[in-house]
Amino acid sequence: MGPKHFENKARREWWSLHAEAWRRSGLGIRKYCQQHRLTENTFRPWLKRLAGEEAALKLEKQQTESRGERAREERQQALRKQKQHRFTITSDVRNRASQAFWAMHVEALNWSGMGLRAYAVAMQLSPHSLRKWRDRLATGEVTIDWRAHLHPSARPAVSTSARNSQPERRLTAAEIGDPAAPPAPVRRFFSDEEKLAIAEETELPGAKVSAVARKHGIVTGLLFCWRAQFGIAQKKRSKLARVVLPDDMPAARALRDLVRPPEGMVAVDLVGGRRAFAAAGSDPDAVRAQIESK
């Protein structure tokens, strides 16, 4: 751009307004030009022309430092909010969920062997709140069995086997009014004799595996496993029958006698021990004559 380009009064007023707006915005030159759809290569020469080259560089440096300072303040403010939100737990003493939460942590604190402040820092809890709830539970101001308020998915898995089951032990006594845990289903056991008897029921005439499984209250897949275990599921292989021919009977005649005529047809003996099949009610002599004529 030549010197005459900067002497245009309308252009000078236009870029003066943008230069002042950019100075007050606190944005970088590139971001400001993108937001206002300006050409950066045109804005920079006008900025140097209006404010002087040294003043323009100084102003741009100030804008950069100002942006960095604002970014640091935003990060510090976000950290302060994060620390404040870390201890945002309801302090309502009557809230059953809050009681169960703090009772669980107080019991864990007693079993951990850690100091109160060390435990609170490790679990990101407020030491003041943890101390207050510990005193409330110790004095009996709040009594609750926090295990009864756990979701079923968070409860430990207990074996339903009658042989391996042990009486449930509590670290704290159950309180009156706390909801009781749902009873666990009793696991059933079958002896080998019972399994074999149930599997053999599936081989009775008209019996179905699914129906037998529903009758005994077991899943169909388990019954199929029992069938395979006792060899009931294996298919019976067909055996060939042994045929003994008399010495005076030709083999062709024996095989011919084994072949039965189709339904609605009769067998006609031909010369030489051959046989032919014709429709039922046909004249055997006519059939022989017709075959011999061919």
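The buried residues of helix H11 are covered by neighbours that include helix H9 (192-201) and helix H10 (209-216). In this predicted model, H11 spans residues 220-229, and its buried residues are Leu223, Trp226 and Arg227. Seen down the axis of H11, these residues fall within an arc of 100°, so they line one face of the helix. A general rule helps here: an α-helix has 3.6 residues a turn, so residues three or four places apart point the same way. Just after H11 comes glycine 231, with a positive phi of about 75°.

**The chain as a whole**

It may help to step back for a moment. The secondary structure of the chain comes to 13 helices and 2 strands. The chain has 294 residues, and buried residues make up 21% of them. Among contacts with a separation of 6 or more, 49% join residues that are 24 or more positions apart.

**Helix H7 and its two sides**

Helix H7 covers residues 116-123, and Leu116, Tyr119 and Ala120 are buried in it. These three cover an arc of only 100° around the axis, which puts them on the same side of H7. Which residues of H7 are exposed on the other side? There you will find Arg117, Val121 and Ala122.

The buried residues of H7 pack against two helices, H6 (96-112) and H8 (127-139). With H8, the axes lie 9 Å apart and the packing angle is about 120°. That angle makes H7 oblique to H8, and the crossing of the two is right-handed. On the H7 side, the residues that meet H8 are Leu116, Arg117, Tyr119 and Ala120, and on the H8 side they are Pro127, Leu130, Arg131 and Arg134. Sorted by class, this contact has 5 nonpolar and 3 charged residues, with no polar ones.

Between H7 and H8 runs a loop, and glutamine 124 is found in this loop. Phi of glutamine 124 is positive, near 60°, in a residue other than glycine. Glutamine 124 counts as partly exposed, at 48% relative accessibility.

**Where H2 meets H4**

A second pair of helices to look at is H2 and H4. As a general point, two packed helices are described by the angle between their axes and the distance between the axes. The axes of helix H2 (residues 9-25) and helix H4 (residues 40-51) come within 10 Å and cross at roughly 90°. H2 and H4 are therefore roughly perpendicular to each other. From H2, the contact draws on Arg11, Arg12, Trp15, Ser16, His18, Ala19 and Trp22, while H4 brings Thr42, Phe43, Trp46, Leu47 and Leu50. By class, the residues of the contact of H2 with H4 divide into 7 nonpolar, 3 polar and 2 charged.

**Single residues worth finding**

Now for a few individual residues. Arginine 37 sits in the loop between helix H3 (29-35) and H4. Although arginine 37 is not a glycine, its phi is positive, about 55°.

Glutamate 107 lies in helix H6. Is glutamate 107 buried or exposed? With a relative accessible area of 9%, glutamate 107 is buried, because buried means under 20% relative accessible area. Glutamate 107 is 39 residues from tryptophan 146 in sequence, and their C-alpha atoms are 9.9 Å apart in space.

Aspartate 283 has its place in the loop between strand S2 (275-279) and helix H13 (284-293). From aspartate 283 to valine 268 is 15 residues in sequence and 9.2 Å in space, C-alpha to C-alpha.

The table sets out the accessibility of these residues, together with glutamine 124.

| Residue | Relative accessibility | State |
|---|---|---|
| Arginine 37 | 81% | exposed |
| Glutamate 107 | 9% | buried |
| Glutamine 124 | 48% | partly exposed |
| Aspartate 283 | 44% | partly exposed |

If you would like a starting point on the structure, try H7: Leu116, Tyr119 and Ala120 are buried, and the buried residues of H7 pack against H6 and H8. From there you can follow the chain to glutamine 124, which comes after H7 and has a positive phi.

Note on methods:
Residues are numbered from 1 along each chain as its sequence is written. This is a predicted model: local features need pLDDT of at least 70, side-chain atom pairs count only at pLDDT 80 or more; totals for chains, interfaces and linings use all residues. Side-chain values use heavy atoms; hydrogens and water are left out. Buried means under 20% relative accessible area, exposed over 50%, partly exposed in between (1.4 Å probe, protein chains only). Helices (H or I, at least four residues) and strands (E, at least two) are DSSP runs, numbered from the N terminus. The arc is that of the directions from the helix axis to the C-beta atoms. Contact means heavy atoms within 4.5 Å. Axes are lines fitted to C-alpha atoms, for helices over the stretch in contact, and angles run from 0 to 180 degrees between N-to-C directions. Angles under 35 degrees count as roughly parallel, over 145 as roughly antiparallel, 65 to 115 as roughly perpendicular and the rest as oblique. A crossing is left-handed if the near helix is turned anticlockwise from the far one by less than a right angle, and right-handed if clockwise. Ala, Val, Leu, Ile, Met, Phe, Trp, Tyr, Cys and Pro count as nonpolar, Asp, Glu, Lys and Arg as charged, and the others, Gly among them, as polar.
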